[in-house]
Each structure stands twice: as C-alpha cells, then as structure tokens.
Amino acid sequence: MSSDKLQTILEQTWSGLAKATGQADHPWRLPALGAHGLNGPEVRTMVLRSVDPVTRQLIAQTDVRSTKVPGFRKDPRVAWHFFDPQTKVQVRANGRVTVHHDDEVTRTAWAAVPEANKRNYATPSAPGLPVDDPSISQAQAGAYTAAYANFSVLCAEITFIDWLQLGDEHHRRAQFTWTGSDWRGAWVVP
Ligand SMILES: Cc1cc2nc3c(=O)[nH]c(=O)nc-3n(C[C@H](O)[C@H](O)[C@H](O)COP(=O)(O)O)c2cc1C
C-alpha cells in the first residue's frame, strides 16, 4: 500500500462493514447490490449479513428461486453500493458472487436465521411471480418445512473498492485493487 493513510482507510472500510452487520440501524447494513441481470442491469436493496475481511467476502442471503439467482449464475460480477450520510462516506465494492444452495455454508447460515425470517423462504410461489391477492403470497408462521430448500447464501469475493468521502472543503477518493496477494491503493480525483 502506498501510504499509511490509504492502509487505514482500507482497514476502516472492512471493519466498518463488518461492524454494520451487527447494527440494525447502520446504513451500511442495507446496501444496494447491482448486477447484470438476464434482461439488463438490475439493482436491489439487500441486508449485508456478514463480512470476512480476510477472504474479502461480503455475504447476503436470498431465495434461490428469485430471478437474480440465474442472473448471478450467468454473470457473477456484482457491484455493492454503501452510503453513510453521517460520515458522508460512499463505498463501492466490485467482485464475483458465488451462490450457495443446500451445502455446508447454507446449513450453517440457516441455523442462525431467526424463526420469523425463515418464513420469508416458505412462500408457495417464487418471488416475482404474479399473485391475485398480496396477502396470500405470504407464508404462514411455522410453514418452514419447504423453506430451507429455497434458502441460498450469496458470497461475493471483492477485488475492487472505490472509497469516497465528501468534505466541506474538499472531497477525497481512493481506489483499492486486489492484486492476487494484497491490496494496491491509490488516491484518485473525486
Ligand atoms: C430494506 C430491504 C432489505 C432487503 N433485504 C433483502 C435480502 O437480504 N435478500 C433479498 O433477497 N432481498 C432483500 N430485499 C428485497 C430486494 O430488494 C428485492 O426486492 C428482492 O430480492 C427481489 O429482487 P430480484 O427481483 O432482483 O430477485 C430487501 C428489500 C428491502 C427494502
């Protein structure tokens, strides 16, 4: 890394993301996730479930039947967008997503999903399909039998980070690229 300051920004970015996963009201807990969908660009809000700075993973969960999943399988390149209005820091992170379904990763994650959230995965029809009455699209509490079969974990391995902080007098922007063995950081014009 070219300067101590860049190293600090990178470390604070990863630790800040990791911390946000445990803070319900932290804006970085609800990033937008963009990708090349089957029919063009797509973006949606996701809950950032966990972060592993060592393996550079940003991890979320979704219904394997949702239309984003075939999109990820076709083109696994994704872009995350985070903004904290308090610190005025925007983080954009690019990488490739792996969809986990009915494996060791999903089994471990499923055990930690609160019971109330499990029913999100038990809807009779797939997300995005038409329904006459929105209330009957909701699974009933306790209807978890089929839910695990629809549960998937999205692990995005990050290889590029664009960090921007808006300031009163000047803005600062840095980019970090994973070289394969470490991060290379550089200041860029905001
Ligand atoms: C605050 C908030 C959090 C959300 N968290 C998730 C999530 O963690 N996983 C998920 O699949 N969808 C989540 N959604 C719904 C997605 O934004 C999206 O509507 C849904 O996944 C369908 O997207 P798709 O059609 O691109 O598959 C969330 C929506 C909001 C508003």
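**Exercise 1. Decide whether D102 is buried, partly exposed or exposed.**

Start with the count: D102 has 14 other C-beta atoms within 10 Å. Now bring in the cut-offs: 20 or more other C-beta atoms within 10 Å of a residue's own make it buried, 12 or fewer make it exposed, and anything in between is partly exposed, with the C-beta atoms placed from the backbone. So D102 comes out as partly exposed.

Two quick notes before moving on. This is a predicted model, where local features need pLDDT of at least 70 and side-chain atom pairs count only at pLDDT 80 or more, while totals for chains, interfaces and linings use all residues. Residues are numbered from 1 along each chain as its sequence is written.

**Exercise 2. Find where D102 and R56 sit, and say what is notable about the phi of each.**

Take D102: this residue is found in the loop between β6 and α3. Helices (H or I, at least four residues) and strands (E, at least two) are DSSP runs, numbered from the N terminus. The phi of D102 is positive, about 50°, although D102 is not a glycine.

Next, R56, which lies in the loop between β3 (50-52) and β4. R56 isn't a glycine either, yet has a positive phi of about 60°. With 17 other C-beta atoms within 10 Å, R56 is partly exposed.

**Exercise 3. Work out which residues T106 touches, leaving out those up to four places away in sequence.**

First, place T106: helix α3 (residues 104-111). Then apply the contact rule, which asks for C-beta atoms, placed from the backbone, within 7 Å of each other. That gives H100, H101, F151, S152 and V153. T106 has 19 other C-beta atoms within 10 Å, so T106 counts as partly exposed.

Now try some distances. T106 and Q61 are 45 residues apart along the chain, with their C-alpha atoms separated by 9.1 Å. V91 and T106 are 15 residues apart in sequence, but 27 Å apart in space, C-alpha to C-alpha.

**Exercise 4. Describe the surroundings of V91 and L154.**

V91 belongs to strand β6. V91 is buried because 21 other C-beta atoms lie within 10 Å. Skip the neighbours within four places in sequence, and the contacts of V91 are T13, F82, I161 and W163.

L154 sits in strand β7. There are 23 C-beta neighbours inside 10 Å, so L154 is buried. Beyond four places in sequence, L154 touches I59, A60, Q61, T62, V97 and V99. For a longer reach, look at E115: L154 and E115 are 39 residues apart in sequence and 20 Å apart in space, C-alpha to C-alpha.

**Exercise 5. Which residues touch the most other members of the largest nonpolar core, and which elements supply it?**

Begin with the term: a nonpolar core is a set of buried Ala, Val, Leu, Ile, Met, Phe, Trp, Tyr and Cys residues joined through C-beta atoms within 7 Å. The largest one has 27 residues, and L17, L58, W80 and A156 touch the most other members. At least two residues come from each of α1 (4-20), β1 (32-37), β4 (57-63), β5 (77-84), β6 (89-101), β7 (151-165) and β8 (172-178). β7 gives the largest share, six residues.

Then zoom in on L17. Its contacts, apart from neighbours within four places in sequence, are W28, L48, V51 and L58.

As background, nonpolar side chains tend to be buried together in soluble globular proteins.

**Exercise 6. Characterise the shell around the ligand.**

Count first: 15 residues surround the ligand, and the closest are R44, V47, T62, S66 and K68. Being near means a C-beta atom, placed from the backbone, within 6 Å. Two or more residues come from β2 (40-45) and from β4. β4 gives the most, with four residues.

**Exercise 7. How do β8 and β9 run relative to each other, parallel or antiparallel?**

Strands pair if DSSP finds at least two bridges between them. β8 and β9 (residues 183-188) are joined by six bridges and run antiparallel. Across the pair, A174 stands opposite W187 in β9. Four residues lie between the strands of this hairpin, where G180 takes a positive phi near 115°.

Terms used: Contact = placed C-beta atoms within 7 Å.
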